[in-house]
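Me: I've got a model open and want to talk it through with you, one question at a time. Ready to go?

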Amino acid sequence: QVQLVESGGGLVQAGGSLRLSCAASGRTFRLYTMGWFRQAPGKEREFVATISWSGGNTYYGDSVKDRFTISRDNAKNTVYLQMNSLKPEDTGVYYCAADSVIYRSATMTMTGNDFGSWGQGTQVTVSS
């Protein structure tokens, strides 16, 4: 397993941008597909994006497609989430997660149950 620490959250106006980072410990980060999830108050956790361990495949939730971009830098043990054209409905706590197994490619059907390590979350608030 890997330990994950998110950063980069904050308060931004609608239409603005934020870049979240998730730093992972350990030399095995490069072997894990990574994901971003979010949870708004009173709502269930929602899948945001995932990227394969190789970086070759990425998938996005319908609500963020064409606005958010997930990427990774295996040399820096870091996964990123670039968020553009932010909307008030993007408000929530954003969590980084690592797959529960190594070398599994990302798929569009991945859920939170596929991920075994989670960060503590970072708050994103988008004002209207």
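Me: Is serine 21 buried or exposed in this model?
Reply: Keep in mind that the model is predicted. The cut-off for buried is under 20% relative accessible area, and serine 21 comes in at 18%. So serine 21 counts as buried.

Me: Where does serine 21 sit, and which residue does serine 7 stand opposite?
Reply: Serine 21 is found in strand β3. Strand β3 runs antiparallel to β1, and four bridges join the two. Serine 7's opposite number in β3 is serine 21.

Me: Which residues does serine 21 touch, leaving out those up to four places away in sequence?
Reply: The set includes Val5, Glu6 and Ser7. Beyond those, serine 21 also touches Trp36, Thr78, Val79 and Tyr80.

Me: What is the strand order in the open sheet of four strands?
Reply: The pairing in this sheet is antiparallel. Strands of a sheet pair through backbone hydrogen bonds. Reading across, the order is β1-β3-β8-β7.

Me: Which strands stand at the edges of that sheet?
Reply: An edge strand here has a single partner strand, so one of its sides is left without a neighbour in the sheet. That applies to residues 4-7 and 68-73, which are β1 and β7.

Me: And by how much are neighbouring strands of this sheet turned against each other on average?
Reply: Direction is ignored for this one. On average, the turn between neighbours comes to 15°.

Me: How many disulfides does the structure hold, and which residues are joined?
Reply: The structure holds one disulfide. Its S to S distance is 2.1 Å, which falls within the 2.5 Å cut-off. The partners are cysteine 22 and cysteine 96.

Me: How many residues apart are the two cysteines in sequence?
Reply: Cysteine 22 lies in strand β3 (residues 18-24), while cysteine 96 lies in strand β9 (residues 92-99). The pair links distant parts of the chain, and the separation is 74 residues.

Me: What is the handedness of that link?
Reply: Both ends are tucked away, as cysteine 22 and cysteine 96 are buried. The angle about the S-S bond is -75°. That makes the link left-handed.

Me: Which strand gives the most to the largest nonpolar core?
Reply: This core has 28 residues, and Met34, Trp36, Val79, Leu81, Met83 and Tyr94 touch the most other members. Strands supplying at least two residues each include β4 (34-39), β5 (46-51), β8 (78-83) and β11 (122-127). With four residues, the top contributor is β3.

Me: Which cysteines does valine 79 touch?
Reply: Residues up to four places away in sequence aren't counted here. Among the contacts of valine 79 are Leu20, Ser21, Phe29, Met34, Trp36 and Ile51. The cysteines touched by valine 79 are Cys22 and Cys96.

Me: How many residues are in the second, separate core?
Reply: Its members include Phe37, Ala97, Met110 and Phe115. The full count for that core is six residues.

Me: How many helices and strands does the protein have?
Reply: From the N terminus on, every element is a β. The tally is zero helices and eleven strands.

Me: What is the radius of gyration of the protein?
Reply: A compact globule with 128 residues would have a radius of gyration near 14 Å. The C-alpha atoms fill a box of roughly 40 × 25 × 25 Å along the principal axes. The protein's own radius of gyration agrees with the globule value, at 13 Å.

Methods
Residues are numbered from 1 along each chain as its sequence is written. This is a predicted model: local features need pLDDT of at least 70, side-chain atom pairs count only at pLDDT 80 or more; totals for chains, interfaces and linings use all residues. Side-chain values use heavy atoms; hydrogens and water are left out. Buried means under 20% relative accessible area, exposed over 50%, partly exposed in between (1.4 Å probe, protein chains only). Two strands pair if DSSP finds at least two bridges between them. Axes are lines fitted to C-alpha atoms, for helices over the stretch in contact, and angles run from 0 to 180 degrees between N-to-C directions. Contact means heavy atoms within 4.5 Å. A nonpolar core is a set of buried Ala, Val, Leu, Ile, Met, Phe, Trp, Tyr and Cys residues joined through side-chain atoms within 4.5 Å. The radius of gyration is taken over C-alpha atoms; the globule rule is 2.2 Å times the number of residues to the power 0.38.
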